[in-house]
Amino acid sequence: MTYSTVATGATPELVIYLIDISGSMSQQVDGAPKIEHVNVAVKSVIQRMIKRSTKGKIIAPRYRLCIGCYSDTVTDILPGIRTIAEVATQGAPHLSTLATTDTAAAFRWADRKSV
């Protein structure tokens with residue numbers, strides 16, 4: 001599927017992140033737990049989205065974000081769908097690991113957010 005609509009203030013795009021925070025994310029990769037690599041990546045992506053949305057000191061509503069972290073349950077960490085300006089004010093989340101994984105529950109949660 002090819003997307004042709006450009007994310008702008010007039011046509012904001014909804015971006016849903018589903019992030020695994022199960023116990024396996026505490027395993028080491030390149031000297032750090034996997035979850036720390038995810039924290040760096042999430043912070044970087046949010047910073048880029050903010051930069052792309054900023055003109056002068058104004059953050060345009062170019063993106064709407066929803067972040068679900070899942071282990072044995074799904075946690076809506078923003079909560080709800082937020083504009084990129086709201087996320088910029090709140091800052092990037094810092095994630096930590098929990099127990100088991102229920103990926104199917106995470107996809108059901110994301111499906112409900114996208115309608």
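How many disulfides does the count come to? Let me answer that straight away: zero disulfides. Keep in mind as we go that this is a predicted model.

Let's look at two cysteines, then. Cys66 is in no disulfide, and the nearest cysteine sulfur, on Cys69, sits 10 Å away. Cys69 is likewise in no disulfide, with the sulfur of Cys66 as its nearest, 10 Å away. A disulfide here needs two cysteine sulfur atoms within 2.5 Å, so a pair at 10 Å does not count. As for their surroundings, Cys66 is buried at 0% relative accessibility, and Cys69 is buried too, at 1%.

Now for a contact that does turn up. Searching the whole structure gives one salt bridge. The partners are Lys113 and Asp76, whose closest N and O atoms are 2.9 Å apart. This pair joins distant parts of the chain: Lys113 belongs to helix H3, residues 103-113, while Asp76 belongs to strand E7, residues 74-76, and the two are 37 residues apart. Lys113 is partly exposed, with a relative accessible area of 21%.

Let me finish with the backbone. Most residues other than glycine have a negative phi, and most peptide bonds are trans. Here are two spots to find on your screen. The peptide bond from Leu78 to Pro79 is cis, its omega being near -20 degrees. You'll find Pro79 in the loop between E7 and strand E8 (82-83). The other spot is Asp30, which is not a glycine yet has a positive phi of about 50 degrees. Asp30 lies in the loop between strand E2 (28-29) and strand E3 (32-33), and it is exposed, at 73% relative accessibility. Thanks for listening!

Key: Residues numbered from 1 in each chain as written. Predicted model: local features only at pLDDT ≥ 70, side-chain atom pairs only at ≥ 80, totals over all residues. Heavy atoms only, no water. Salt bridge = Lys/Arg side-chain N within 4 Å of Asp/Glu carboxyl O. Helix = DSSP H or I, 4+ residues; strand = E, 2+ residues; numbered from the N terminus. Buried < 20%, exposed > 50% of the residue type's maximum accessible area, 1.4 Å probe, protein only.
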